[in-house]
Amino acid sequence: MFLVLLLLGLSACVEDDVKRGNEAFFIGDYDRAIANFSKALDQEPAHRDARYGLALSYFSVAEEGERLHVPTFDLWKRAADEFRILSKIDSGRQVDANHSTCLFYLARATMVKGENAMPLLDRSIKLDSANYFSMNLKALILAKSGIPEDVEMAKQIFIHILTSEPMFVSAYVNLGNLYWDEGDIESAWDTWSMGLIKSPDNSALIRWTKIAEDSLKSRVLSGEL
């Protein structure tokens with residue numbers, strides 16, 4: 001009987017810690033949220049809500065770091081570790097999507113350190129096949145390699161993004177850049193022009209569409225086209 005009462009008491013304490021963690025999280029007191037969620041997990045490591053709260057708290061702290069332009073690698077790494085542990089408890093779609101987003105930011109922070117981010121991006125895309133930010137970054141890395149096979153793969157990724165999500169403007173810019181670098185000015189102009197229809201105020205698309213248009217006109221006048 002004593003053991004039952006002890007277990008019930010511990011369970012109540014855990015739920016109280018989780019409740020306090022949630023309250024702190026929702027008012028942006030992330031340090032206190034982390035402390036309370038961690039306290040709950042000390043008693044019950046597989047507590048789904050406490051683990052999810054802890055992962056989201058570290059995610060939010062890392063986001064604040066991004067806004068303040070401070071180094072965030074360690075913060076994103078901690079958030080990603082919590083999501084990895086959480087995935088063993090809850091494999092729900094929302095968890096996977098958040099985990100995927102976290103890995104995208106960790107990949108960016110990894111690149112800042114000059115390290116290989118591709119495995120993180122591959123994991124991110126595997127978790128969420130609609131994470132176009134991770135796909136876009138992966139394609140940029142492939143394109144930068146200069147290896148013909150990688151450049152072609154980058155093109156296909158950009159095309160896939162635009163087919164699936166036509167409003168993902170960065171992919172128009174990046175795909176057009178690839179065509180331009182290859183000397184395929186017509187395809188570059190076509191791509192940038194399509195992007196400009198979707199985002200008429202985008203300064204990069206306005207600039208590059210005009211440059212490509214002027215180049216095409218020059219070629220027509222010189223008899224090249």
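**Figure 1. Getting to know the whole chain.** Of the 225 residues in this protein, 41% count as buried. What you're looking at is a predicted model. The protein has 11 helices and zero strands, so its pattern along the sequence is simply α-α-α-α-α-α-α-α-α-α-α. Its C-alpha trace spans about 95 × 35 × 30 Å along the principal axes. The radius of gyration is 24 Å, while a compact globule of 225 residues would come in near 17 Å. As for who touches whom, take the contacts with a separation of 6 or more: 47% of them link residues 24 or more positions apart.

**Figure 2. Helix 2 against helix 3.** Here, helix 2 (residues 30-43) packs on helix 3 at an angle of about 155°, and the two axes are 9 Å apart. An angle over 145° counts as roughly antiparallel, and that is therefore how helix 2 and helix 3 run relative to each other. Their crossing is left-handed. On the helix 2 side, look for Tyr 30, Ala 33, Ile 34, Phe 37, Ser 38, Ala 40 and Leu 41. Helix 3 answers with residues including Asp 49, Ala 50, Arg 51, Gly 53, Leu 54 and Ser 57. Sort the residues of this contact by type and you get 10 nonpolar, four polar and three charged.

**Figure 3. Helix 3 against helix 4.** Now follow helix 3 (residues 48-67) to its meeting with helix 4 (residues 73-87): the axes come within 8 Å and cross at roughly 160°. That makes helix 3 roughly antiparallel to helix 4. This crossing is left-handed. From helix 3, the residues to spot include Tyr 52, Leu 56, Phe 59, Ala 62 and Glu 66. Across from them in helix 4 sit Leu 75, Trp 76, Arg 78, Ala 79, Glu 82, Phe 83, Ile 85 and Leu 86. The residues of this contact divide into 14 nonpolar, no polar and six charged.

Some helix 3 residues turn up in both views. Arg 51, Leu 54, Tyr 58 and Val 61 are listed in the contact with helix 2 and also in the contact with helix 4.

**Figure 4. His 69, in the loop between helix 3 and helix 4.** Zoom in on the loop joining helix 3 to helix 4 and you'll find His 69. What is its phi? The phi of His 69 is near 60°, a positive value in a residue other than glycine. Most residues other than glycine have a negative phi. Is His 69 buried or exposed? His 69 is exposed, with a relative accessible area of 72%.

Definitions and conventions
Residues numbered from 1 in each chain as written. Predicted model: local features only at pLDDT ≥ 70, side-chain atom pairs only at ≥ 80, totals over all residues. Heavy atoms only, no water. Axes fitted to C-alpha atoms, helices over the stretch in contact; angles between N-to-C directions. Helix = DSSP H or I, 4+ residues; strand = E, 2+ residues; numbered from the N terminus. Parallel < 35°, antiparallel > 145°, perpendicular 65-115°, else oblique. Left-handed = near helix turned anticlockwise from the far one by under 90°. Contact = heavy atoms within 4.5 Å. Nonpolar A, V, L, I, M, F, W, Y, C, P; charged D, E, K, R; others polar. Buried < 20%, exposed > 50% of the residue type's maximum accessible area, 1.4 Å probe, protein only. Rg over C-alpha atoms; globule rule 2.2 N^0.38 Å.
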